[in-house]
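Biologist: Got a minute to go through this model with me? I keep asking why things get the labels they get.

Modeller: Sure, pull it up.

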Amino acid sequence: MGDSKKSTKNNIEQQFLRYLKLQRGLSPNTLDAYRRDVEKLLSFLEGSGTHVLDVRLEDLQQFAAGLHDIGIGPRSQCRILSGVRTFYRFLVLDGYLQQDPTELLESPVLGEHLPEFLTPAEVDRLKDSIDLSKPEGHRNRAIIEVLFSCGLRVSELVNLKMSQIYSDEHFLRVLGKGSKERLVPVSNIALQEIENYKPWRDSLDIKPGEEDYLFLNRRGAHLTRTMILIMLKRQAEEAGIEKTISPHTLRHSFATALLEGGADLRVIQTLLGHEHVGTTEIYTHLSNQSLREAVLKHHPRNIKYSS
């Protein structure tokens, strides 16, 4: 590839990332994911001697087939191809191309995948398994309760500030994806768990710049996503819960509990901070047992009338 074409390719990639950051307002983690997706494509095109602006549908189909051949799973393939589609839509939008070569590009068909969720009783078991004699015991109880009661993403939890808690109004002000703010109701139980944690928090030697973060480690710095994941997995083992547990499990449990309680899907969408209701629809599953019990309890043909 000539120097001018290589320079053009690099410039296009930088322009794309700048567009995502400034106009789409995407988070650093999401930007990094898009960058990796595009770099996979650019590496493939460089190997075949095809310039990014000369790509045809056939080239993209070969790229997609190559993802499968190197062992990338269908769900990850879909995510990568979604990033490639966004990239080429940008190229059309910015005038680099007249036509989008990804218009007819198909993604692999995914089977239904429903994340694990915990019942409220299992969440209580998780919390009750925590040893409150340990310094961070009340903190971990508060983390679990806030995740379950508010349905936060783990990134939203680790960045939650004291100044974002409105206890009197029972709301949290959450900064979500794309720096979009939303208000999320917070339960009395979650607020009480936070209050129980505060004495230990106040005893810490908090690092400069970390003073407003709600959840801190022993060194006075805010927690990371990995720390939350490790804590939850360890606590699930202590509680004898055999399901695969992650912070997202509690977010999914929040949505499932609301749905089973009769909440409207649009309400759940707003609380979760989903831009499109289609993203929320993965949370609309109910267990077969729940469905069976609902029919037996509520359908008029199953109601037993006293004679």
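Biologist: Where is H170 found, and how do you know that?

Modeller: H170 is in the loop between β1 (165-166) and β2 (171-175). Strands here are DSSP runs of E with at least two residues, helices are runs of H or I with at least four, and both are numbered from the N terminus. The model is predicted, so local features need pLDDT of at least 70 and side-chain atom pairs count only at pLDDT 80 or more, while totals for chains, interfaces and linings use all residues. Residues are numbered from 1 along each chain as its sequence is written, and side-chain values use heavy atoms, with hydrogens and water left out.

Biologist: What is notable about the phi of H170?

Modeller: Phi of H170 is near 60°, a positive value in a residue other than glycine. Most residues other than glycine have a negative phi.

Biologist: Why is H170 called partly exposed?

Modeller: Buried means under 20% relative accessible area, exposed means over 50%, and partly exposed is in between (1.4 Å probe, protein chains only). H170 has 30% relative accessibility, so H170 counts as partly exposed.

Biologist: What makes β1 and β3 edge strands?

Modeller: The open sheet has 3 strands in the order β1-β2-β3, with antiparallel pairing. β1 and β3 (181-185) each pair on one side only, and that puts them at the edges. Two strands pair if DSSP finds at least two bridges between them, and β1 and β2 have 2 bridges. In one of these strands, β2, L172 is the bridge partner of I165.

Biologist: Why is Q77 called buried?

Modeller: Q77 has a relative accessible area of 7%, so Q77 is buried. Q77 is in helix α4 (residues 74-93). Leaving aside neighbours within four places in sequence, Q77 is in contact (heavy atoms within 4.5 Å) with A64, L67, H68, I72 and P108.

Biologist: And Y19, buried or exposed?

Modeller: Buried, because its relative accessible area is 15%. Y19 is in helix α1 (residues 3-22), and, with neighbours within four places in sequence left aside, Y19 is in contact with R24, F90 and L93.

Biologist: What makes a nonpolar core, and which residues touch the most other members in the largest one?

Modeller: A nonpolar core is a set of buried Ala, Val, Leu, Ile, Met, Phe, Trp, Tyr and Cys residues joined through side-chain atoms within 4.5 Å. The largest has 40 residues, and V146, L152, L172, F215, I228 and L232 touch the most other members. α6 (137-150) is among the elements giving two or more residues to this core, and α6 brings the largest share, 7 residues. Apart from this core lies another, of 28 residues, including L31 and V55.

Biologist: How do you know that R218 and E136 meet in a salt bridge?

Modeller: A salt bridge is a side-chain nitrogen of Lys or Arg within 4 Å of a carboxyl oxygen of Asp or Glu. For R218 and E136 the N to O distance is 2.8 Å, which fits. R218 lies in the loop between α8 and α9 and E136 in the loop between α5 and α6, so the pair ties together parts that are 82 residues apart in sequence. At 54% relative accessibility R218 counts as exposed, whereas E136, at 13%, counts as buried.

Biologist: How many salt bridges does this rule give?

Modeller: The count comes to 15. One of them joins R173 and E181, at 3.0 Å, N to O.
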